[in-house]
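The following exercises are to be solved with the sequence and the structure at hand. Each task is followed by a solution in steps.

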Amino acid sequence: MELDERKKKILHAIIRNYQETGEPVGSRTISKYSDLQLSSATIRNEMSDLEEMGLIVQPHTSAGRIPTDKGYRLYVDHMLEEAKKEQDSEKQLPQARDFLIERMDRMELVLQQMAKLLAANTNYTSMISAPRYNRNKVKFIQLSRVEVQKLLAVIVVEGNIIKNSMFDVDEPLSDEDILSLNLMLNTNLNGLTIEEINLGIIAKLKAQAGTHTEIVGKVLDAVADAIRTDEDDLQIYTSGATNIFKYPELSDSGKAQEIIQVFEEKKQLTNLLTDKLNEDGKQGIQVYIGNETPVQSMKDCSVVTATYDLGDGLQGTIGIVGPKRMDYEKVVATLQTVMGQLDTMFKKEE
């Protein structure tokens, strides 16, 4: 949707005022903006147009206007475009540079402290998922004999993560058989993700295996298990959940309790953050406003997420949850900074 410059300025002024006060914004308030230099009557006409376009709404008769989800979306899209143009790579969170350059033995401590820093800096609720391998690839497979009719499959996936799987075979295998199976499996599977191991490749492997098709099937099951991420084990670090009580529109009617419950149980957060990682081509900053938010109890919130990348497919997600009138510019700038610093910190430590 294209707006002329005057309507755009008025919409932005309404949103900025509502962000600061949480109260409906009237034409007299907007007229005080020195850069607009418009009369209250002119502003009222423009606000009526914005209301017809579905960008603002009047919650009560004789009250001012507040932004709709559609209005926020237009505002945020424009802000993200500007942020890409003006991003300053030298901007730092208070204390973040000193914190991040301090080497730590455990990433867990870094992420816990970063969640606290984000919540304190933004005054909203923060969440950070521990990194996981996205689209893992098979690097190496090694079959070896443990007992006469028992094999061990050692599977190495991207990031040098090693998974072992033991299984029985119907008949003893010679050293030549095992060597042949290892060569066939590595030739066909090395460098593939689970999505790329399709029915055609599986049929080809089983055809080449001849009488050993059952063994190939068990190895393929072990490979799928090694690559597959167990979302129940995903660690999520949160901070600032009680910040939502600072915003009346979230603390009323039990809304705050529902949101806090999401952060305590974390299952829905896991779904939100893993869905974010699985969205191909959406590895930058994403803003979910109101009903766009996939978590039902967060429909009165906005969620801003960003993916940090530690290389070789190792990725995690940072998220900020706040009211729909959150300070989007500050949140986006903060996430851009943290995302870049995490990338730089851990890549330099490799």
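**Exercise 1.** Leaving aside its neighbours within four places in sequence, which residues is Ser302 in contact with? State also whether Ser302 is buried or exposed.

*Solution.* The model is a predicted one.

Step 1. Locate the residue: Ser302 lies in strand β10, which covers residues 301-309.

Step 2. List the contacts. With neighbours within four places in sequence set aside, Ser302 touches Tyr288, Ile289 and Gly290, and also Ile320, Val321, Gly322, Pro323, Lys324, Met326 and Tyr328.

Step 3. Examine Tyr328 further: its side chain forms a polar contact with the side chain of Ser302, at 2.7 Å.

Step 4. Apply the cut-off for burial, which is under 20% relative accessible area. Ser302 has a relative accessibility of 0% and therefore counts as buried.

**Exercise 2.** Determine where Asn123 is placed and what is notable about its phi.

*Solution.*

Step 1. Asn123 is found in the loop between α6 (107-122) and β3 (125-129).

Step 2. Its phi is near 70°, a positive value in a residue other than glycine. Most residues other than glycine have a negative phi.

Step 3. Partly exposed residues fall between the limits of 20% and 50%. Asn123, at 33% relative accessibility, is therefore partly exposed.

**Exercise 3.** Describe the protein as a whole: how many helices and strands are there, and what percentage of the residues count as buried?

*Solution.*

Step 1. The protein has 13 helices and 11 strands.

Step 2. Of its 350 residues, 47% count as buried.

Step 3. Among contacts with a separation of 6 or more, 61% are between residues 24 or more positions apart.

Note on methods:
Residues numbered from 1 in each chain as written. Predicted model: local features only at pLDDT ≥ 70, side-chain atom pairs only at ≥ 80, totals over all residues. Heavy atoms only, no water. Helix = DSSP H or I, 4+ residues; strand = E, 2+ residues; numbered from the N terminus. Buried < 20%, exposed > 50% of the residue type's maximum accessible area, 1.4 Å probe, protein only. Polar contact = N/O pair within 3.5 Å; in protein donor to acceptor, adjacent residues only side chain to side chain. Contact = heavy atoms within 4.5 Å.
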